[in-house]
Amino acid sequence: MLNTGDTIAAIATAIVPEQGSIGIVRLSGSEAVAIARCLFHSPNRQKWQSHRLLYGYIRHPQSQAIIDEALLLLMLAPRSFTREDVVEFHCHGGIMPVQQVLQLCLENGARLAQAGEFSLRAFLNGRIDLTQAESVVDLVGARSPQAAQFALAGLQGKLAQPIRHLRATCLDILAEIEARIDFEEDLPPLDHEAVLHSIEQVFCQVNLILATAERGELLRSGLKVAIVGRPNVGKSSLLNAWSRSDRAIVTDLPGTTRDIVESQLVVAGIPVQVLDTAGIRSASDRVEQIGVERSRQTARSADLVLLTVSAESGWTEEDEEIYLSVSDRRLILVINKIDLANPETVIYPAEIKRVVKLSAAQNQGIEDLEKTIINAVQNQELQAANLDLAINQRQAAALTTAKIALQQVKKTIDQNLPFDFWSIDLRTAIQSLGEITGEEVTESVLDRIFSRFCIGK
Ligand SMILES: Nc1nc2c(c(=O)[nH]1)N(C=O)[C@@H](CNc1ccc(C(=O)N[C@@H](CCC(=O)O)C(=O)O)cc1)CN2
Ligand SMILES: Nc1nc2c(ncn2[C@@H]2O[C@H](COP(=O)(O)OP(=O)(O)OP(=O)(O)O)[C@@H](O)[C@H]2O)c(=O)[nH]1
Ligand SMILES: [K+]
Ligand SMILES: [Mg+2]
């Protein structure tokens, strides 16, 4: 484990080519104030009070050369993000000021922070739990307002609260059972029905929360949607209409698109990567052949395939062939060019349940397409439950372990097995729920979680 006695330092703001106008260097630990005092000088002798901004200069301690004109924010323990003494230097943006200030901090007693080390300290010092720490990563990485909203909910403890509550319920039940194991004769008999009922309730709650994993995955990783079909059905026109751009070349020549054309959209809060592909046909042209192979690969790796056909030409043999090659995928049939012909005359395989009729050229039916996509990827049960949570894979794995253990407890109660059996599985459930919030967690799990952070977080 990292040495938590050190005072750590890092650049806390992004260093990007465009350069923000302010850059922050952050210190946390018992030496933070001493280091800051040796580097920072305020000309009008302001008091070093907690939660105040001081104005001044950062100087090299030996040469007294001015490194930057800056503001200094002091947050004394325990009223800080890490619950340690925290000092922030608010410098000019760009790489030079922050890099030089960081260097001075390192030369004067601080150690460079590891990725996530500020947040790790906030966790170890009890300011946030593991779900809140993970929400920080989600918030920083959010690619849609909805994703940010769910992350913020997590940061405010919306997941931690119910998980802690469920774990406490399990602990209460465990205490009842263990008391019977140790002093059965001295206690009134255990009400099996009541215990079973409580376990049942915890089990249902666990399942509900578990159902939000899919949404979490969608919000974090987004959705990869491939537009595939034979040449000239209007795939590139669809990409352009949908993304309100002329990203892809459209002509009346079959075989116009040769390579994958990508566009990033947000649909109902879900980041969507839309991929226009080369029209699939047996091509003689080498370049087109490679393009067609890429189309097939893209269809295989997408979360959702928009199989596009034309109302004008109807369902052709080529359409059938392409359909058979993607029929194992999650699929929506898009009947395009409804401005040219009645889409009802298109006869397609009856097992295709999701169909959208539109005209890419006339910008008609795009909203319908988005609604159908959301319905295809979102869990209906979850929408009904109205839970504003979006758990991640680690949390889902722990909840699944808890769910299986609770199922086992129900079974052992039903079968009237001895109390020892009940308590074994109940302990497993308690352990897994504790891993989610970090009440029970190993060092290697902590390493895995916090290494996903960026440096300075
Ligand atoms: N300049 C700056 N902006 C920032 C942060 C920061 O560290 N520095 N944050 C970093 O994430 C976020 C704000 N989150 C924060 C969360 C808690 C505390 C904090 O000091 N909490 C103490 C004291 C609260 C109080 O005074 O009432 C605590 O909870 O004990 C500070 C920032 C986003 N903006
Ligand atoms: N009337 C009408 N024409 C359309 C529509 N969508 C596309 N087109 C026309 O159909 C032709 C082919 O459109 P593209 O978008 O290039 O078709 P594609 O499927 O990308 O073709 P390839 O890249 O060659 O596979 C163009 O002339 C478009 O203007 C539509 O909804 N209605
Ligand atoms: K074309
Ligand atoms: Mg095209």
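How far does a polar side-chain atom of Lys-457 lie from an oxygen atom of ligand 1? The distance is 3.3 Å, in what is a predicted model, and the views below start from that contact.

**View 1. Polar side chains at ligand 1 in the predicted model.** Besides the polar side-chain atom of Lys-457, which lies 3.3 Å from an oxygen atom of ligand 1, an oxygen atom of the ligand is 3.0 Å from an N or O atom in the side chain of Arg-26, and a polar side-chain atom of Arg-127 lies 2.7 Å from a ligand oxygen atom. Ligand 1 exposes 670 Å² when taken alone, and the protein buries 53% of that area.

**View 2. The shell of residues around ligand 1.** The ligand is surrounded by Arg-26, His-51, Pro-78, Arg-79, Ser-80, Phe-81, Glu-88, Arg-127 and Lys-457, a set that divides into five charged, two polar and two nonpolar residues. The UniProt annotation "binding site", which comes from an unreviewed entry, covers Arg-26, Glu-88, Arg-127 and Lys-457. Of these, Glu-88 is placed in strand β6, residues 86-92, and it counts as buried because its relative accessibility is 13%.

**View 3. Polar contacts and cover at ligand 2.** A backbone N or O atom of Thr-256 lies 2.8 Å from an oxygen atom of ligand 2, while an N or O atom in the side chain of Thr-257 is 2.8 Å from an oxygen atom of the ligand. A polar backbone atom of Gly-279 is 3.1 Å from a ligand oxygen atom. On its own ligand 2 has 650 Å² of accessible area, of which the protein covers 87%.

**View 4. The wider surroundings of ligand 2.** Ligand 2 is surrounded by 23 residues, and the closest are Lys-235, Ser-237, Gly-255, Thr-256 and Thr-257. By class, this shell has 11 polar, eight nonpolar and four charged residues. Helix α9, which spans residues 235-243, gives the most to the shell, with three residues.

**View 5. Cys-170 and Cys-204 in a structure that holds zero disulfides.** The cysteine sulfur closest to that of Cys-170 belongs to Cys-204 and is 13 Å away, which is too far for a bond, given that a disulfide requires two cysteine sulfur atoms within 2.5 Å. Cys-204 is accordingly in no disulfide, its nearest cysteine sulfur being that of Cys-170 at 13 Å. Cys-170 is buried, with a relative accessible area of 0%, whereas Cys-204 is partly exposed, with a relative accessible area of 43%.

Key
Residues numbered from 1 in each chain as written. Chains lettered and ligands numbered in written order. Predicted model: local features only at pLDDT ≥ 70, side-chain atom pairs only at ≥ 80, totals over all residues. Heavy atoms only, no water. Near = heavy atom within 4 Å. Polar contact = N/O pair within 3.5 Å; in protein donor to acceptor, adjacent residues only side chain to side chain. Areas by Shrake-Rupley, 256 points an atom, 1.4 Å probe, with all protein chains shown as cover. Nonpolar A, V, L, I, M, F, W, Y, C, P; charged D, E, K, R; others polar. Buried < 20%, exposed > 50% of the residue type's maximum accessible area, 1.4 Å probe, protein only. UniProt positions renumbered as here; feature names shortened; annotations may be inferred. Helix = DSSP H or I, 4+ residues; strand = E, 2+ residues; numbered from the N terminus.
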